[in-house]
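Here is a short walk through one protein chain. Keep the sequence and the 3D view open as you read.

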Amino acid sequence: MLICAFPNGAPHDWWSTAPAFGTSVSGDAFQLPNVLTPFQPIKHKVMMVSRLGNYTWSNDGDKPTPSVEPSHARCMSAVTTCIDADEAARKAKLPLDSAVRSTTSVDQLIAQTLQGQTGLNSLQTGLGVKPGFFDYRSYAYNQVLSWKSPTEPLKRNVNPRVIFDTLVGSGNAQTPAELARLKAREKSVLDAVREDANRIKKRVSSRDQQVLDQYLTTVRSLELAADEVSATCRTLPAPNAVPEPPGPQQGLSQGQDGYDHELHANVMNDLITLAFECDRTRVVTHLLDDARSEFEYRNIPAADRTRVGLAYNAGSSLHYHGSQHGEGELADTTENGKYKIVKPSNRDFAAINAWMGRKVAELALKLDAIPEGDGTVLDHTTLVFLSEMRTHDHDAFDLPILIAGGNGVLKQNTHIAYDSVGNDRQLRDMWFTLMRHVFGMPVTSFGEDARGMANAELTEILA
């Protein structure tokens, strides 16, 4: 399971090729929108799903509503849990501005079923380098996708060196202090296990010796790349339960000389690929940016900008949260069976989304390039790329969702659209379906519904 989440919703472009409510398109009729064209080489392994909401836990009087405030913190905290963190805090009689309460997230439920099969039960990574305003809630809701338990958020780690050491070191046996001592002696993690590697080489065939040498060379190159990015990193602890940061600006500093967001994303993609290729873990959550991000995307190259019609201006600042609140509005009503575009999304917002789409597509292509069994690593991975809200309006219905891979259980080369608000389906049912059919888990429920409705499988997404 690989969950790649992005904040702030998507521009109207995401739904520009979507089918009418309650219908689907497949094969050649399924076309990727401009923000997702980097997935074209693996379009036959991709499914888009529209008209899924995540709001049945939000009440307006006596009926659920897709609008919730404060939206950024509450929606992000719910994207993998499908419950309202505020309601969980109220039940625990905790103040909303400091409470850290939710429920076990879908990725951690899956990780529990795989307990002991890999060195790491799960991995939490991210690219957030400039945390935004926390919406008067704990940082945990803005910087976390994984909840080990109702009181244990597992924060994303943005430091490539820490992720690297976790993957190629001896896992949890090496504490951050031990790793720091290794680095202080200018001794790499690979140098520390060189003697073991040499012993192994004496016991295997010449062909396997070549494979081992190639592997060690590749990992050493990746280690150097991780160090290049981490040169501008602040010291971060390994992800722990509720590691309350010393201040809101924990992470990489965008203002430091030499920081390269594109390189940071590339190295994280390589590390996630390594994690799956070497079977260090089978569950990864990757947060592409913190909720309500204030990051300025100066790094977006010309190709991504021009792909969505933004005139290229090298080095210009594309402020993420600001662009979300720039021009753009999708109606709740339909026009020819689709949402009516009241005002097209501004191109800054579209360019940021296009960049994120490309980085996830590049990650998917890396996984698809690795043979595994009767297919590739991507074939045996369920990659879910989604946001916690729809678009400029902050509403939690019709979430932007793309799924790649699926282990032969899910439909591919398809865009499935459910019905309009009130007759749409819920995100909790998607997670419920994936757990039952892709991972064979005998779960009977997931998430909450203020209407008291039980989970129902999304049979339409199954092959």
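The crossing of α5 and α10 is a good place to start, and it is left-handed. The model is a predicted one. Helix α5 covers residues 160-168, and helix α10 covers residues 261-277. Their axes come within 10 Å and cross at roughly 15 degrees. Angles under 35 degrees count as roughly parallel, and α5 and α10 are therefore roughly parallel to each other.

Which residues make this contact? From α5 come Pro160, Ile163, Phe164, Leu167 and Val168. From α10 come His264, Val267, Met268, Leu271, Leu274 and Ala275. Sorted by class, the contact of α5 with α10 has ten nonpolar residues, one polar residue and no charged ones.

Stay with α5 for a moment. Is this helix mostly covered or mostly open? It is mostly covered, with nine of its nine residues buried. The buried residues include Arg161, Asp165 and Thr166, along with Val162. Phe164 and Leu167 are buried too, and both belong to the contact with α10.

Just ahead of α5 is a loop that links it to β9, and Asn157 lies there. Is Asn157 buried or exposed? Its relative accessibility is 2%, so Asn157 counts as buried. Now find Val144. Asn157 and Val144 are 13 residues apart in sequence. In space, their C-alpha atoms are 9.6 Å apart.

Go back to α10, which has another helix partner. This partner is α13, residues 347-368. The axes of α10 and α13 come within 10 Å and cross at roughly 30 degrees. That angle makes α10 and α13 roughly parallel to each other. The crossing of α10 and α13 is right-handed, whereas the crossing of α5 and α10 is left-handed.

On the α10 side, the residues that meet α13 are His261, Glu262, Ala265, Asn266, Asn269, Asp270, Ile272, Thr273 and Phe276. On the α13 side they are Trp355, Arg358, Lys359, Glu362, Leu363, Lys366 and Leu367. What classes do they fall into? The contact of α10 with α13 has six nonpolar, four polar and six charged residues. Set this beside the contact of α5 with α10, which has no charged residues.

Next, turn to α3, residues 106-113. Its buried residues are Val106, Asp107, Gln108, Ile110 and Ala111. What do they pack against? Several strands take part: β1 (2-6), β7 (123-126), β8 (144-149), β9 (152-155) and β10 (284-287). Helix α14 (427-437) is on the list as well.

Phe432 lies in that helix, α14. With a relative accessibility of 6%, Phe432 counts as buried. Leaving aside residues up to four places away in sequence, Phe432 touches Val443, Thr444, Ser445, Phe446, Asn455, Ala456 and Glu457. Gly447 is 15 residues from Phe432 in sequence. The C-alpha atoms of Phe432 and Gly447 are 8.7 Å apart.

Some backbone details deserve a look. Most residues other than glycine have a negative phi, and most peptide bonds are trans. The peptide bond from Glu69 to Pro70 is cis, with omega near -5 degrees. Pro70 is in the loop between β6 (63-64) and α1 (71-78).

Two residues with a positive phi come next. Lys93 is not a glycine, yet its phi is near 60 degrees. Lys93 sits in the loop between α2 (85-91) and α3. His394 is not a glycine either, and its phi is about 70 degrees. The loop that holds His394 runs between β15 (382-387) and β16 (401-405). Which setting does each have, buried or exposed? Lys93 is exposed, with a relative accessible area of 74%. His394, at 11% relative accessibility, counts as buried.

Now the cysteines. Cys4 has 0% relative accessibility and counts as buried. Cys278 is partly exposed, at 29%. How many disulfides does a search of the whole structure find? The search finds zero.

Finally, step back to the whole chain. The protein chain has 14 helices and 18 strands. It has 463 residues, of which 57% count as buried. Consider the contacts between residues at least 6 apart in sequence. Of these, 77% join residues at least 24 apart.

Terms used: Residues are numbered from 1 along each chain as its sequence is written. This is a predicted model: local features need pLDDT of at least 70, side-chain atom pairs count only at pLDDT 80 or more; totals for chains, interfaces and linings use all residues. Side-chain values use heavy atoms; hydrogens and water are left out. Buried means under 20% relative accessible area, exposed over 50%, partly exposed in between (1.4 Å probe, protein chains only). Helices (H or I, at least four residues) and strands (E, at least two) are DSSP runs, numbered from the N terminus. Contact means heavy atoms within 4.5 Å. Axes are lines fitted to C-alpha atoms, for helices over the stretch in contact, and angles run from 0 to 180 degrees between N-to-C directions. Angles under 35 degrees count as roughly parallel, over 145 as roughly antiparallel, 65 to 115 as roughly perpendicular and the rest as oblique. A crossing is left-handed if the near helix is turned anticlockwise from the far one by less than a right angle, and right-handed if clockwise. Ala, Val, Leu, Ile, Met, Phe, Trp, Tyr, Cys and Pro count as nonpolar, Asp, Glu, Lys and Arg as charged, and the others, Gly among them, as polar. A disulfide is a pair of cysteine sulfur atoms within 2.5 Å.
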